[in-house]
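Trainee: Could you take me through one part of this structure, slowly and closely? I would like to follow a single strand and what surrounds it.

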Amino acid sequence: MKSKSNELLPKLVAVFLVAHVFMFIVPLAVARGVVSKENGKSSLSTYIVLVKKPEGVVTGDVDLDGWYQSFLPVTASSQQAKMVYSYRNVVTGFAAKLTAEEAEAMKRKEGVVSARPERVYSLHTTHSPDFLGLHQNLGFWNQSNYGEGVIIGLLDTGITPGHPSFSDEGMPPPPAKWKGKCEFDGGCNNKLIGARNFAEDQTGPPTDEEGHGTHTASTAGGNYVEGANVFGNANGTAVGMAPLAHLAMYKVCGELCSESAILAAMDVAVEDGVDVLSLSLGGGSVPFYMDSIALGAFTAIQKGIFVSCSAGNEGPQYGTLSNEAPWILTVGASTIDRSISAIAKLGNGLTYDGESLFQPKDFPSTLLPLVYAGANGNESSAFCAPGSLKDVDVKGKVVLCERGGDIGRIDKGQEVKDNGGAAMILMNDQLNGFSTIADPHVLPATHVSYNAGLNIQKYINSTTNPTATILFKGTVIGNPSAPEVTSFSSRGPNMQSSGILKPDIIGPGVSILAAWPVSVENKTNTKSTFNMISGTSMSCPHLGGIAALLKSSHPDWSPAAIKSAIMTTASFVNLGGNPIVDQTNTTADIFATGAGHVNPSKANDPGLIYDLQPDDYIPYLCGLNYTDEEIGTIVQRNVDCSSESIIADAELNYPSFSIVLPESGSQTYTRTVTNVGPASSSYTYLVAAPEGVDVSVTPKQIVFTSVNQKATYSVTFSRQKNISLPFSQGLLNWFSPQHNVTSPIAVMFL
């Protein structure tokens with residue numbers, strides 16, 4: 001029976017609207033110029049053109065460029081029509097500069113599957129190895145040999161080749177399979193083994209002008225750099241997750257991250273010989289056959305390449321994910337146990353914890369006049385928007401500004417500074433709650449929670465002479481409430497496939513110290529430059545690096561096996577042993593955490609895995625009611641769903657469960673596990689049933705007698721009566737004396 005997933009999604013959205021503030025994000029911004037007119041005709045824009053692969057033809061046997069050129073229109077403007085990229089691996093097709101009229105004409109040609117304007121994607125933007133339990137000369141780092149021999153490819157803004165994080169000291173040469181190129185004039189080395197520029201709007205070598213790519217690359221696989229810090233904070237040895245892995249950078253972002261460039265980079269990367277791909281970018285929720293990252297990732301997993309992608313920074317609203325395909329590891333963001341402390345102290349003696357990367361040593365602890373920027377009733381002043389404080393008396397005062405208004409956090413401080421303010425207290429809005437960030441502010445400042453901000457406002461209104469100061473305490477390690485899910489991390493449910501729980505996992509993504517192209521402190525005498533930034537962009541390369549370690553430790557594992565090991569060994573509790581919380585300081589739900597927080601050492605020895613081969617996704621895709629042609633676009637071969645054993649999306653052999661239950665009836669799903677632990681082992685299940693759901697599992701025990709032996713079990717979910725919840729969550733745990741194999745359960749009620 002075909003899945004009704006696509007039919008249920010509008011109802012699910014309605015359910016979440018009733019119970020929560022739901023924000024639907026427009027999936028992707030269409031590239032500029034598509035609708036602009038020149039002399040009555042559309043101007044040229046980049047179009048992604050997909051064509052049918054000829055029957056029985058191997059890509060390498062034909063002149064693809066010549067064949068693709070034959071599809072270009074013969075019109076008056078065809079002299080301008082230009083092939084931008086010719087794709088050989090991840091899709092059958094090309095990117096070309098066309099007018100809207102030419103694209104419409106091309107759609108009518110035989111063999112053309114689709115021609116659509118490209119979309120623009122966005123970036124999802126030292127102590128974390130210790131926080132994740134990775135220690136030099138011990139445990140998982142030793143067992144995985146620090147990722148030696150594994151190649152991590154990153155699609156990003158480029159890289160800074162001379163940075164010490166990319167030194168090849170102690171690095172072996174790249175594996176013989178490596179086919180990539182280096183476009184830097186000075187060449188690459190044994191750490192940074194490849195670098196290509198695909199960005200349409202920036203020519204030349206793949207130099208990082210933004211910082212984002214340098215940061216993500218060093219997070220995934222940077223070499224050891226002693227004395228790394230920013231403004232003297234978070235001082236220590238910076239190192240990536242897989243310090244002996246090789247890195248290859250594919251620059252796809254300049255001012256924009258164009259879809260055609262991303263597709264081109266993935267097309268080359270899978271042929272170059274990368275083992276892991278890390279993409280800290282995305283563009284919202286679209287069907288998988290229209291999602292270039294999903295298309296490229298499928299070809300990658302067909303070649304045994306693991307793909308880690310950021311979940312997006314559109315949280316905390318529900319249904320805001322990017323990169324939802326089940327063959328991708330979708331990574332949300334959490335905090336680590338380190339903060340750069342800046343405490344707001346009020347004249348009444350009360351103090352409120354906050355954060356700031358800029359920690360001036362000479363800021364007086366004496367109390368200064370305190371003023372609320374929005375006291376004049378002007379909303380832009382409350383947000384400390386540029387130009388909004390010119391008529392507000394802030395000179396020599398501590399200024400309370402509100403977060404939001406589409407004004408950058410640092411920009412608010414610049415407005416305070418430009419008008420003579422002595423310091424800034426930045427209070428969160430209600431949506432961001434308790435999630436604060438250590439920023440490199442331009443003046444003494446602290447970022448405090450929404451509750452703290454309300455209390456500071458009350459204090460200001462309670463006295464005629466409010467005063468405050470900021471106490472800078474520097475680096476503080478050991479927060480027992482870490483990890484916490486940060487407010488910006490995008491949330492599920494999965495809008496493209498309700499039977500697949502997303503995000504898959506959360507990892508460190510808040511105030512992460514890593515390499516940066518230039519000194520944010522304006523130092524000119526060092527190349528050892530670092531910055532601290534936040535985003536699911538930062539959590540994604542953490543997981544990409546961890547996947548490289550697992551690939552090194554278990555070279556025979558498939559991408560699905562690595563993902564399963566990461567998910568089934570994750571944790572739902574913080575350092576203090578309590579449930580992980582979110583920005584509201586209450587227990588984070590399953591659409592924020594997915595399977596939980598990554599635990600690399602446990603992932604190295606999961607006991608059981610839920611494995612999938614690329615062809616296993618075809619019955620699943622048929623169950624999404626995609627056409628044969630649409631599925632063929634994804635899997636790069638002809639598909640006939642009428643001859644497939646079609647499954648519901650929740651039936652895919654995934655390490656988690658996402659179930660949609662109507663008012664009556666029950667649903668049964670099967671899973672197959674593979675024993676990668678001791679040859680002789682037995683597992684018994686334990687269920688923490690979601691509220692309002694009865695759960696039964698068959699059999700009660702699974703017994704193995706050999707390694708790689710498989711066993712199948714089934715789970716039946718039945719809705720109890722009079723349930724008015726939008727969703728509930730639970731866990732299914734298979735345990736043996738040595739292992740706990742945990743699958744999260746999300747149940748949505750119609």
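Mentor: Happy to! Let's start with a term we will need: a residue is called buried under 20% relative accessible area, exposed over 50%, and partly exposed in between. Keep in mind, too, that this is a predicted model.

Now find strand β23, which covers residues 398-402. This strand is mostly covered, as four of its five residues are buried. E402 belongs to β23, and its relative accessible area is 21%, so E402 counts as partly exposed.

What does the side chain of E402 make a polar contact with? Its partner is the side chain of Y372, at 2.3 Å. Y372 is also among the residues that E402 touches, and leaving aside residues up to four places away in sequence, the others are A382, F383, K412, L426, M427 and Q457. For a sense of scale, you can also look across to A547: E402 and A547 are 145 residues apart in sequence, and their C-alpha atoms are 39 Å apart in space.

Next, look at the strands that pair with β23. One of them is β22, residues 368-372, which is parallel to β23 and joined to it by three bridges. Here you can pick out V398 of β23, with L370 opposite. Another partner is β24, residues 423-427, which also runs parallel to β23, this time with five bridges. Within that pairing, L400 has I425 of β24 as its bridge partner. While you trace these strands, one general point is handy: in a regular strand, side chains alternate between the two faces of the sheet.

How does the chain connect β23 with β24? Helix α10, residues 409-418, takes part: β23, α10 and β24 together make a right-handed β-α-β unit.

Before we stop, here is a helix to set beside our strand. Helix α7 spans residues 259-272 and has 14 residues. From first C-alpha to last, α7 reaches 20 Å, close to the 20 Å expected at 1.5 Å a residue. Of its 14 residues, 13 are buried, so α7 is largely enclosed by the rest of the structure. After α7 comes G273, with a positive phi near 110°.

E259 brings us to one more side-chain pair: the side chain of S292 makes a polar contact with the side chain of E259, at 2.6 Å. S292 lies in helix α8, residues 292-302, and it counts as buried because its relative accessibility is 1%.

Notes. Residues numbered from 1 in each chain as written. Predicted model: local features only at pLDDT ≥ 70, side-chain atom pairs only at ≥ 80, totals over all residues. Heavy atoms only, no water. Helix = DSSP H or I, 4+ residues; strand = E, 2+ residues; numbered from the N terminus. Expected span 1.5 Å × (residues − 1). Buried < 20%, exposed > 50% of the residue type's maximum accessible area, 1.4 Å probe, protein only. Contact = heavy atoms within 4.5 Å. Polar contact = N/O pair within 3.5 Å; in protein donor to acceptor, adjacent residues only side chain to side chain. Pairing = 2+ DSSP bridges. Right-handed = clockwise from strand over helix to strand, strands pointing away.
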